[in-house]
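Welcome to the tour. Please open the model in your viewer, choose a cartoon display, and keep the selection box handy.

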Amino acid sequence: YRRCYVCIKELEAANAGQDGAVEALDALPMYAESCAQMLVQLPAVCADLLQGVGARERLRQAEMEALGASVGSVRHQTGGSVSSHRPRFREARILGHAHHWLERRGRGAEWARIFE
């Protein structure tokens, strides 16, 4: 497997409802707080996460897994702080944004083909 990072270039803009660009990197950038880790099976490369057949489904599945893990771990927690589970919520939010960004980009390309 290859470790990849799906990152939102402008996380603050994305949080404000604007369209922050998404990228897939093979190394964790300086703005790591706006990245979520994903694994791809070799010989795939990180860029495959945002293109090709099944890219949207992979991001959606990763988002649901991160969300499920974070919600499940909070439910099973017997006391203490929930803050240890925030990274999974953050990952789910980033992956969700990436999924929606890819959906919008795909729809735009489909409409462009129709009007050509």
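Colour the chain by secondary structure to begin: the protein chain has three helices and three strands. Helices (H or I, at least four residues) and strands (E, at least two) are DSSP runs, numbered from the N terminus. Walking from the N terminus, you meet the elements in the order β-α-β-β-α-α.

Before you click further, note that this is a predicted model, in which local features need pLDDT of at least 70 and side-chain atom pairs count only at pLDDT 80 or more, while totals for chains, interfaces and linings use all residues. Residues are numbered from 1 along each chain as its sequence is written, and side-chain values use heavy atoms, with hydrogens and water left out.

**Stop 1: the strands**

Select residues 2-8, which make up strand E1. Is E1 mostly covered or uncovered? Mostly covered: five of its seven residues are buried. Here, buried means under 20% relative accessible area, exposed over 50%, and partly exposed in between (1.4 Å probe, protein chains only). For the protein chain of 116 residues, the buried share is 35%.

Now add residues 35-40, strand E3. E1 and E3 run antiparallel and are joined by six bridges; two strands pair if DSSP finds at least two bridges between them. To find one of these partners, click valine 6, whose bridge partner in E3 is alanine 36.

Next, add residues 22-25, strand E2, which pairs with E1 in the antiparallel sense over four bridges. Click isoleucine 8 to find its bridge partner in E2, valine 22. While the strands are on screen, recall that in a regular strand the side chains alternate between the two faces of the sheet.

**Stop 2: the disulfides**

Show the cysteine side chains as sticks. A disulfide is a covalent bond between the sulfur atoms of two cysteines. The rule used here is a pair of cysteine sulfur atoms within 2.5 Å, and by this rule the count comes to two disulfides.

Select cysteine 4 and cysteine 46 first: their sulfur atoms sit 2.1 Å apart. The angle about the S-S bond of cysteine 4 and cysteine 46 is -85°, making the link left-handed. Cysteine 4 belongs to strand E1 and cysteine 46 to the loop between strand E3 and helix H2 (55-75), so this pair ties together parts that are 42 residues apart in sequence. Both cysteine 4 and cysteine 46 are buried.

Move on to cysteine 7 and cysteine 35, where the sulfur atoms are also 2.1 Å apart. With 110° about the S-S bond, the link of cysteine 7 and cysteine 35 is right-handed. Cysteine 7 is in strand E1 and cysteine 35 in strand E3, so the pair ties together parts that are 28 residues apart in sequence. Cysteine 7 counts as buried because its relative accessibility is 0%, and cysteine 35 is buried at 4%.

Counting bonded cysteines along the chain, the disulfides follow the pattern 1-4, 2-3.

**Stop 3: two loops**

Zoom in on leucine 42 and proline 43, which are joined by a cis peptide bond with omega of about 15°. Proline 43 is found in the loop between E3 and H2.

Then jump to serine 34, in the loop between E2 and E3. Serine 34 is buried, with a relative accessible area of 3%. What does the side chain of serine 34 reach? It reaches the backbone oxygen of tyrosine 31 at 2.9 Å.

**Stop 4: helix H2 and the pocket**

Select glutamate 63 in helix H2. Glutamate 63 is buried, with a relative accessible area of 11%. A polar contact of 2.9 Å joins the side chains of glutamate 63 and arginine 60 (a polar contact is a pair of N or O atoms within 3.5 Å; within protein, one must be able to donate a hydrogen and the other to accept it, and residues adjacent in sequence count only if both atoms are side-chain atoms).

Finish with a surface view of the largest pocket, whose volume is about 270 Å³. On a 1 Å grid over the protein atoms alone, a pocket is an open set of points where a 1.4 Å probe fits, with protein on both sides within 12 Å along at least five of seven lines; lining residues have an atom within 4 Å of a point. Grid points are joined across faces, edges and corners, and a volume is the space filled by probe spheres set on the points.

Select Met38, Leu39, Arg58, Ala62 and Glu65, the closest to the pocket centre of the 13 lining residues. E3, H2 and helix H3 (86-114) are the elements that give two or more residues to this lining, and H2 gives the largest share, five residues.
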